[in-house]
Amino acid sequence: MSSHLFLTVTRFSFTLGLALIAANWLRSLGFINDIWIVALILATTSLGVAVPVLRERELTNEPFGQLLLVSSLFVDFGSIFLNGKHSAGILCWYHCFHVL
């Protein structure tokens, strides 16, 4: 299980790094102002995209399909967390979880 977590974190870090490079390039061309929002948009792998593809290929019960599902879930939560932290600061997350 720890190897799955390592692969998931590595994949997300690599994808986010590539997205930051692309967003920085877009900023240098003058198309965007905020590289973090664009990088998070580019790096997000939605479960809404992954699940139908895995079902079509009949990989949902296979170890590889499960790894992709966990990775997509981790990336979705990571992107939401980073977007919230970037947009509203850490206090927003403190207040959101304090209410729960």
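Glu58 is exposed, with a relative accessible area of 66%, and in this predicted model the residue lies in the loop between α3 and α4 (63–88). Its backbone also deserves attention, since Glu58 has a positive phi of about 55 degrees although it is not a glycine. Most residues other than glycine have a negative phi.

On the α3 side of that loop, Arg55 is found in helix α3 and, at 59% relative accessibility, counts as exposed. The C-alpha atoms of Arg55 and Gly65 are separated by 9.0 Å, while along the chain these two residues are ten positions apart.

**Overall architecture and confidence**

The protein has five helices and zero strands, so that, by the definition of elements as DSSP runs numbered from the N terminus, the order reads α-α-α-α-α. Confidence varies along this series: the protein averages a pLDDT of 78, and 81% of the residues score at least 70, whereas among its elements helix α5 (residues 90–99) has the lowest mean pLDDT, 53, and α1 the highest, 84.

Of the 100 residues in the protein, 23% are buried. The exposed area comes to about 7100 Å², and carbon and sulfur atoms supply 69% of it. Among contacts with a sequence separation of 6 or more, residues 24 or more positions apart account for 56%.

**The nonpolar core**

Eleven residues make up the largest nonpolar core: Phe12, Leu16, Ala19, Ala23, Ile32, Ile35, Val38, Ala39, Leu40, Ala43 and Val75. The elements that give two or more residues to this core are α1 (2–28) and α2 (35–43), and α2 gives the most, with five residues.

Ile35, one of the core residues, touches Leu20, Ala23, Asn24 and Arg27 when residues up to four places away in sequence are not counted. Of these partners, Ala23 is itself listed in the core.

**Thr44 and the loop after α2**

Thr44 is found in the loop between α2 and α3 (47–56). Leaving aside neighbours within four places in sequence, Thr44 is in contact with Val75, Asp76 and Ser79, and Val75 is also a member of the largest nonpolar core. In addition, Thr44 and Leu73 are 9.8 Å apart in space, C-alpha to C-alpha, although 29 residues apart in sequence.

How exposed is Thr44? Its relative accessible area is 33%, and because buried means under 20% and exposed over 50%, Thr44 counts as partly exposed.

**A nonpolar patch at the surface**

Leu5, Val9 and Phe74 make a nonpolar surface patch of about 240 Å². Val9 has its place in helix α1, the element with the highest mean pLDDT. With a relative accessible area of 34%, Val9 is partly exposed, and this value satisfies the patch criterion because patches are made of residues with over 30% relative accessible area.

The table sets side by side the relative accessible areas of the four residues discussed individually above.

| Residue | Location | Relative accessible area |
|---|---|---|
| Glu58 | loop between α3 and α4 | 66%, exposed |
| Arg55 | helix α3 | 59%, exposed |
| Val9 | helix α1 | 34%, partly exposed |
| Thr44 | loop between α2 and α3 | 33%, partly exposed |

Definitions and conventions: Residues numbered from 1 in each chain as written. Predicted model: local features only at pLDDT ≥ 70, side-chain atom pairs only at ≥ 80, totals over all residues. Heavy atoms only, no water. Core = buried A, V, L, I, M, F, W, Y, C linked by side-chain atoms within 4.5 Å. Buried < 20%, exposed > 50% of the residue type's maximum accessible area, 1.4 Å probe, protein only. Helix = DSSP H or I, 4+ residues; strand = E, 2+ residues; numbered from the N terminus. Contact = heavy atoms within 4.5 Å. Areas by Shrake-Rupley, 256 points an atom, 1.4 Å probe, with all protein chains shown as cover. Patch = residues over 30% accessible without salt bridge, like charges linked within 9 Å, V, L, I, M, F, W, Y side chains within 5 Å. Salt bridge = Lys/Arg side-chain N within 4 Å of Asp/Glu carboxyl O. pLDDT = per-residue confidence, 0-100.
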